[in-house]
Amino acid sequence: MTPTQYRTALAKLELSQVGAARLFGVGERTSRRWAEEGVSGVPEILLRLMLAGKITVKDVERAQ
């Protein structure tokens, strides 16, 4: 997932970078790096499932 795709996904899901970091159990810096540099480790499958309406933020939170 490219940085642009990551930022677009967050915008569509109405998640901030900080909110995404908390949701995915990573530091804020990691989320910022995903958004700016495209480093590996983005939970792409979760984001794509959320965008497709297959799972919700609450589903992800419950699974933790």
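**Salt bridges and helix packing**

Q: At 51% relative accessibility, does Glu37 count as buried or exposed?
A: This is a predicted model, in which local features need pLDDT of at least 70, side-chain atom pairs count only at pLDDT 80 or more, and totals for chains, interfaces and linings use all residues. Residues are numbered from 1 along each chain as its sequence is written, while side-chain values use heavy atoms, leaving out hydrogens and water. Buried means under 20% relative accessible area, exposed over 50% and partly exposed in between, with a 1.4 Å probe and protein chains only. Because its relative accessibility is 51%, Glu37 counts as exposed.

Q: Which residue meets the side chain of Glu37 in a salt bridge?
A: A salt bridge places a side-chain nitrogen of Lys or Arg within 4 Å of a carboxyl oxygen of Asp or Glu. At 3.7 Å, N to O, the side chain of Glu37 meets that of Arg33.

Q: Which residue forms a salt bridge with Arg48?
A: Arg48, partly exposed with a relative accessible area of 41%, lies in helix α4, as does its partner four residues away, about one turn of the helix; helices here are DSSP runs of H or I with at least four residues, numbered from the N terminus. With the closest N and O atoms 2.8 Å apart, the partner is Glu44.

Q: What is the handedness of the crossing of α1 and α4?
A: A crossing is left-handed if the near helix is turned anticlockwise from the far one by less than a right angle, and right-handed if clockwise. For α1 and α4, the crossing is left-handed.

Note on methods. Helices (H or I, at least four residues) and strands (E, at least two) are DSSP runs, numbered from the N terminus.
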